[in-house]
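Please open the model in your viewer and keep the selection panel at hand. We will go from one selection to the next, pausing at each stop to see what is there.

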Amino acid sequence: MSGMFLDKFLALITQIILNRTQMITPTHTNRLGFKPSIFVFILLFCSGVYAQKTFTLSGTITDDTGESLIGATVYTQDKSRGVISNEYGFYSLTLEEGSHTLVISFIGFLDQEKTINLNSDISLNIALQTEAEQLNEVVLLASDQENKARTPLAGVSKIKASDVKRLPSLLGEADVNRYILTTPGITSVGEGTSGFNVRGGGIDQNLIIIDETPLYNSSHLWGFFSIINPDAIKNLELYKGGIPARFGGRGSSVLDIRLKEGNNKGISGDAGIGMLFSRLTLSGPIKKDKLNFMVSARRSYFDVFFPLLGDEVENSKVYFYDLSTKLSWKINPRNTLYASGYFGADVMKLSFDAEEDLTQNNNTNTESADEEIDFRWKNATATLRWNHLFSNKLFLNMTTGFSRYNYTLRSENDAGGGPAGTSGSFTWNSSITNWIVKPDFTLYVSPETKVRFGVHAISHEFAPAKITNTDEGINNTKLPIEKGLEVAPYATLNQKWNNFSMALGVRYSWFGNIGPSTVYYYDKTQPKASNSVINTKNFKKGDIIKRFGGVEPRLALNYKLSEKEDLKLGIDRNLQYIHLVSNTTGALPFDTWKPAGEHIDPLDVRQISMGYHKTGGIGYTVEAFYKTFDQLVDYKDGADLFINKQLETELLPASGFAYGIELGLTKDTGKLTGRFNYTFSRSKRKTTSTHKSENINDGAYYSSNFDRPHVGNLSVNYPLSKRLSLQTFFTYQTGRPITQAIGRFSLAGKEYIQYSERNAYRLPNVHRLDISFILKSKNKKRRTKSGNWTFGVYNVYGRANALTRFSNFYMGELRTFDFSPVGAPIPFISKNISF
Amino acid sequence: MKTRILLCCLIALIWGCVDKVAIKNEKFTQQPVVVAELNSNGYLRVQVSLTTNIDEESTNTGVDDANIRLWTKNSAGEDKIITDSFDYEKVDNAYYPTSSVETKEGGIYWVELELSNGLSYVSRQEKMPTTVEVSDIAYVRSELRAIFQDEKDEPNYYLAEFSVYYRDQSAFIRGLKVVSNDILFDGNEKAYIGEYTTISESSYYVELNMQSLSNSSYLFYRNFLEQEDLNEGFDDEEGDPGWLFSKPPINLYGNITEKESGKKVLGQFIISSISQKNQIVE
């Protein structure tokens, strides 16, 4: 009943706002009991007043398997008016009464022309046909209308799964994270580390969402592989700037991953066997055109070979797996339900026999103990989304989601293996849990005007550590659970005027740090330390310990110089209420997340970016950005972050800035295709403690760990024959900043190292060449499956790109070592099939 | 332990490599190193030295003309000098041992130094922690443990120094040092801190020097021992895949700063309460 009322209510508002033949009159306002808001006036101003009667054409655009197409264009033949489909393939185009010829197009698909006699509102679903021979090796050009309809956002990269798969990669396994690292403005600490850094932001400043639900650990195998199977991905968009108001909660970027809905016509799939893991994706209808499924799974199997490596590891297991699923149910033309889930885990179960020496001493011993360590970390998400059409102009996506990241370290041994001072068997659990509710409305006012509004609510629960122990000398220990609630209403107005377009958004985010909790208060005349506590306060369940809030304006402007040339400007502010606390070279699965609260403020990131883009056979982009970071969290030198009830005593407030210019060149036509990009950027930070003595480098700016001024990437694709193609990738990057030994001193006859200021030196520059070949299967008539062999070499000339540098004294000599995670050429081969 | 787990977990990453490299150190600036130790037995010693360039072999850079003062707060809360008279004795680098000074648990202490170049340094004011009595020394599952009762709710920090001898004390076998906070055994009556070691003898004699530390001294010792471990931890050039996740190296800064600039200097004013226990361990 209430749903019907809501439908009617919203439909009425839509009518009032939109119907250009019926201007809002005092009668309408009185009947609804509210005065038109300023926003409505803006809408009216933007949408204009038309004398002619209009009707709306709406529906979904899919491919020939029923998979909805994101970003497909529906334009009038004269290209004067048009729209693009949203994340669910929905479009809504309002035109004047009469006959219109429309062109529907999407990259990689045949254009469709339809003549519509528009004398009433029409619902029209469109299925586009794949190009007859869509060569993987050739990137098809965006059509003119697609260029015209492009979103006016600076700093947005749309990534196709096919592009990810073509990039030569470690062990031949296509990897989303590795592909992202080849795009302009993206750096990382180094090979094998988890996450990526966007325009000077930390890895915790990336919002990675899979079907609208956040993921907290984006890597398998400690950072070597992405947790997302490319076969399951329909669409990937990376927002580096001009982040739309519907996204929030992170400072620097949004990686929006959409899983495939799957084939609703018949069973189809992809499979692959590689050196590291195998994968299988299946999709098909449960009820044709109504209910369909997609399941995609991967599992690594290098642990299968452990018995061959000897007795020491034969009982150990080291593997990972992931499972992506989706169920799509078209209930009726106005309602669609999507249920999707992701589950992935890394398992490291290590067994050591009794003869292994557990000490750091050289003494031989017969009393060493058996030991088994079982460490596993898991990501799980579940999302339920309901698409509902209130009218042919008002679209709702209602998302409810759940996300959980947890790790368990279990030691069932004689010798223990816990933190310093512990022993015996123990289990350590930690988790992060999110619940999300996000009603997201899109109002298609006219082909030129669109409004998107909604509320994004997310609850956070961080359980840093729960340790159970069988040893009587060690307590069962539980660090307090921390909770937060983030609520953010938002609205974005998308408006086009001839060659000028704008996305003006605003998001107001509110965050409350919620009890129960014990908060420590410190003597402000001293640096925070456990012995400078002057008071504690216990907050009860549900108490708001501290609240924050702020307006996050988002503005993106686009001016079309020509059909193929754009000038873009993006300005945005992003508030981030949770921080990743880590002081290791690469992020670890057991790093701690900390919500803003009494002692930690939310991160405030502001960015302005502008760019020039040209598309075509040879396209190029130039984009520049400047970004500031306030209320960053940095760690003290030597911080003790491991099971710490008063983590704030180890942290320092910080600020920073980043700037850069990104140049990109693409060649999408001809046999030789490829991309080249070069980024010059800097990323600096400084700590801002009021206690001067604890500031890093005496409070001066220093380079962030991922500050790489020069980054160049080149990828080239060339078809050697009809079946064989060559892909190459070359990267050159400035070495990352490090802290290095510069001096020495002696205490009680032993020598110790004096180090430089933090990040005062750099590792050697990084470069690497990867080559792969794709050999397609022979085409046979009536063959329903296709496939290819992929083979090549990662790190062709065996460059050892250093990730870390360490020095030590050995026999009185100071020695320095560079450690490279990959120091040799790695050949690979994999077999992939589609059916 | 984390490093150990990581190392094991990275078995598969056989393509990693370690290269010995030569480094340039054009950014070297000489710094003073001040390590002052005061314990509940009234023992005080101060070492002042200077760092040298990494290429220079000699590290004999003791400073023997520093003016040093040990301060405390009297019962009225006023600052009071305990001693500014130090007998100079050169051992390795410059040491300034004194005759015993009177200390008390809960007392506040700090040191000040002036060097001949005009620079002066001061430590943070530190409270003398409460002494902890060790009830037993045990060898359990390859771990040598100091067992004691931890005080509940107070954050406590400990340093255990084990000296292991043959049972008849005819020869020294090895020394072990371990530091810990009490997060995992807060208030536990049988709390322990220990270090893994393997000893082939069926029984042996252990001298234990158990120190309660201040928070800053605990943090200093953690980093200090980590650097010692790095020196002793490997004797070949194979490296360690655990470095992928290691912490960046850090200077051994503590609670002493240059008075004028507020800059931290290398070293620490270590304040500790000491108890000792000697025992035959089976």
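**A hairpin in chain A**

Begin by selecting S49(A) and S50(A), which form a hairpin with 2 residues between them, and in the turn look for A:Met811, whose phi is positive at about 55°. This is a predicted model, in which local features need pLDDT of at least 70 and side-chain atom pairs count only at pLDDT 80 or more, while totals for chains, interfaces and linings use all residues. Residues are numbered from 1 along each chain as its sequence is written, and chains are lettered from A in the order in which they are written.

Strands here are DSSP runs of E with at least two residues, numbered from the N terminus, and helices are runs of H or I with at least four. Strand S49 of chain A (residues 804-810) runs antiparallel to strand S50 of chain A (residues 813-820), joined by 7 bridges; two strands pair if DSSP finds at least two bridges between them. Select A:Thr804 next, and you will find A:Phe819 of S50(A) opposite. Of the 7 residues in S49 of chain A, 6 are buried, meaning under 20% relative accessible area with a 1.4 Å probe, protein chains only.

Now move to the open sheet of 5 strands in chain A, ordered S9-S16-S17-S12-S13 with mixed pairing. Strands S9 (156-159) and S13 (213-214) of chain A each have a single partner strand, so one side of each lacks a neighbour in the sheet. Inside this sheet, select S12 (residues 206-210) and S17 (residues 253-259) of chain A, which pair in the parallel sense over 5 bridges, with A:Leu255 as the bridge partner of A:Ile208.

Finally, select chain B, which has 2 helices and 19 strands, and where 55% of the 282 residues count as buried.

Notes
Side-chain values use heavy atoms; hydrogens and water are left out. Buried means under 20% relative accessible area, exposed over 50%, partly exposed in between (1.4 Å probe, protein chains only).
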